[in-house]
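User: Please take a close look at a single part of this structure and explain, for a newcomer, how that part is set among its neighbours.

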Amino acid sequence: MTVATTSSQPGSALERSGGGGGGTLADVVETVLDKGVVIDAQVSVAVVGIQLLEINARIVIASVETYLRFAEAVDRLSITPKDTKGLPDLVGDAAGAATKGKAISGLGKAAQEISGAVADSLGNRDDDRERPRPRRRRDEER
Amino acid sequence: MAEQGLFIYGIVPCDVEPTPDAEGVGDPPGEVAAIQHGELAALVSPIGLEEPLGRPADLTAYEGLLDGTAAVAPVLPVRFGTVVTGEDAVEDLLAAHHEQFADALAEFEDRMQYTVHGRFDEAEFIGGLLAENGSAAALADQIRGRSEAESREQRIRLGEMISQAVELRREAENRAVIDAVGQYAVANAPRQPSHELDAVNVAFLVGADDEQEFVRALEEFAEQRRELIRMRLTGPLAPYDFVSAHQLVE
């Protein structure tokens, strides 16, 4: 069921993925959750045991924790040379549903090419199939 | 045998039929069928009413089926987790809202959703802010080399300034991306940020004929910001963010 079409033209600043449920789980959750037509309650019998613990992870609320984290980033900036690119810090929660990509250290102007390479590898983090162009899935034929 | 219901994926024109390899939600995956009524059909699969939903495989199956369908025909996604008692309930649903659903489907003919997502590079963003904002830079000097306990108040003030700057810049970037590529889209729908460093999060409904121009304009937008924002384009997708006008909540 997965056709992940992650394709970046070499050197392109735009990373692409093809949908179809083939992205990271975080992408899928963000794409589909709380979307779509809501059906009348009297017809619908049930929303059966939906176990989506990550729902709250999508809501961004600025908090003291956020502020302290930003301040910590400032601290890091002071000790990291501007032209050193850190490895992306991929953090998955227990359910593996929320993936945050975060560059740890300074991304300087000199590191432009390197950062491009990192962006490419991030795009393929769940899928090593490289396709030149997005391809559409066809589950249904008219 | 446990009681069964029907999981509804989406509503399509009546000439759409699932291919035999279409897999639905559940474990093992349910077989997807189309239940027709008038000009419409609903894509459904059987699901045990005791069965827990929302596993990763359920979500990817749901999105896979809808996006795959959207590639060949218009589709109205139905909210994930909608389960009805049986075929009769599906037909009642299609009959009760036939005109609304048919009108909505006509709007989505040859149009698909693309979601544009951008995230600020943290170091680049903060570095830029400290360079242009004297009071932020002064606070940064006060916290450097000091423990969190010693400089907690300054840290919170600085972090709040950064957070507000991100929010302001995010609003500006969302407007900018709509200005830059909106002319190639039929509609746009700004989305809630999903991360504290979100820079851009907007869904666009794009006609098949405009897809290339849309992507080209977006690549240009991304190129202009390549150091500050990591830009991603997801799609083509079913029109998840464009069905809210058709919600039936009575």
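Analyst: Seven bridges join β7(B) to β10(B), and the two strands run antiparallel; strands pair when DSSP finds at least two bridges between them. The model is predicted, so local features need pLDDT of at least 70 and side-chain atom pairs count only at pLDDT 80 or more, whereas totals for chains, interfaces and linings use all residues. Residues are numbered from 1 along each chain as its sequence is written, while chains are lettered from A and ligands numbered from 1 in the order in which they are written. Helices (H or I, at least four residues) and strands (E, at least two) are DSSP runs, numbered from the N terminus.

Within β10(B), B:Met231 is the bridge partner of B:Gly118. B:Met231 also stands opposite A:Leu14, and β1(A) runs parallel to β10(B), joined to that strand by four bridges. Nine of the nine residues of β10(B) are buried, that is, 20 or more other C-beta atoms, placed from the backbone, lie within 10 Å of their own (12 or fewer counts as exposed, in between as partly exposed).

Both β1(A) and β10(B) help to cover the buried residues of α7(B), as do β7, α6 and β9 of chain B. Those buried residues are B:Phe214, B:Leu218, B:Phe221 and B:Ala222. They lie on the same side of α7(B), because they cover an arc of only 95° around the axis, taken from the directions from the helix axis to the C-beta atoms. An α-helix has 3.6 residues a turn, so residues three or four places apart point the same way.

Technical notes: Contact = placed C-beta atoms within 7 Å.
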